[in-house]
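Thanks for coming, everyone. I have one model to walk through this morning. Please look at the screen.

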Amino acid sequence: MSTYQYTDNLQLLKQDLSGKDWLVACLCAAWCDTCTAYRAPFQELAARHSDKCFAWIDIEESAHLIDEIDIENFPTLLIQYQDQVAFLGTMLPDIGQLHRLISSLQESLRSAPIKRSALNQQAPAGWNLRQLILAE
């Protein structure tokens, strides 16, 4: 199975996610030129991290998954380990920056539980994209 799933097939995304602890989601919009340019590098990064579930979520097509959070800019990225949101926020469309953040979070997990980044934009307490996808 591919490590990179699209939300137009939530069943494949759900299957991929059910076997992985990490969720890396790009929350974008089809009309966003920055998102369009970011899509191929995001997919290439997904291939380098086959132990993680990478999701490309169109905020308009899958609004029910993200309706509790405010998307302020694109790309907005979510990194979640199991049920803990480790990062949620806007990031420059530099795939190297995302790769470093993923690697840093994974490395820090070896010595302590995942802590939510102070850089995160506000999300409601208990909001859990992983559980929302798995409940589909």
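I will cover backbone geometry, then the aromatic rings, then the cysteines.

A word of care before the details: this is a predicted model.

Backbone first. Most peptide bonds are trans. So look at the bond joining Phe-74 and Pro-75, which is cis. Its omega is about -10 degrees. Where does Pro-75 sit? Pro-75 is in the loop between helix H3, residues 63-66, and strand E4, residues 76-81.

Now move along to Gln-82. Most residues other than glycine have a negative phi. Gln-82 has a positive one, near 50 degrees. Gln-82 falls in the loop between E4 and strand E5, which spans 84-90. Is Gln-82 buried, exposed or partly exposed? Its relative accessibility is 38%, so Gln-82 counts as partly exposed.

That loop belongs to a hairpin. E4 and E5 form the hairpin, with two residues between the strands. The two strands run antiparallel, and six bridges join them. To get your bearings on screen, find Leu-77, which stands opposite Gly-89 in E5. E5 itself is mostly covered, with five of its seven residues buried.

Next, the rings. How many aromatic pairs are there? The count is five. Take Phe-42 and Phe-54 as one example. Their ring centres are 5.2 Å apart. Their planes meet at 65 degrees, so this pair is edge-to-face; the cut-off for that label is over 60 degrees. Phe-42 lies in helix H2, residues 33-48, and Phe-54 in strand E3, residues 52-58. The pair therefore ties together parts that are 12 residues apart in sequence. Phe-42 is buried, at a relative accessible area of 0%. Phe-54 is buried too, also with a value of 0%. Which residues do ring pairs link into a cluster? They are Tyr-38, Phe-42, Phe-54 and Trp-56.

Last, the cysteines. How many disulfides does the structure hold? Zero. Take Cys-32, which is in no disulfide. The nearest cysteine sulfur is that of Cys-35, and it is 3.2 Å away. A disulfide needs the two sulfur atoms within 2.5 Å, so a distance of 3.2 Å does not qualify. Cys-32 is buried, with a relative accessible area of 7%. Cys-53 also counts as buried, at 0% relative accessibility.

To recap, keep two backbone spots in view: the cis bond between Phe-74 and Pro-75, and the positive phi at Gln-82. I will take questions now.

Notes. Residues numbered from 1 in each chain as written. Predicted model: local features only at pLDDT ≥ 70, side-chain atom pairs only at ≥ 80, totals over all residues. Heavy atoms only, no water. Helix = DSSP H or I, 4+ residues; strand = E, 2+ residues; numbered from the N terminus. Buried < 20%, exposed > 50% of the residue type's maximum accessible area, 1.4 Å probe, protein only. Phe/Tyr/Trp six-rings, centres within 6.5 Å; stacked < 30°, edge-to-face > 60°. Pairing = 2+ DSSP bridges.
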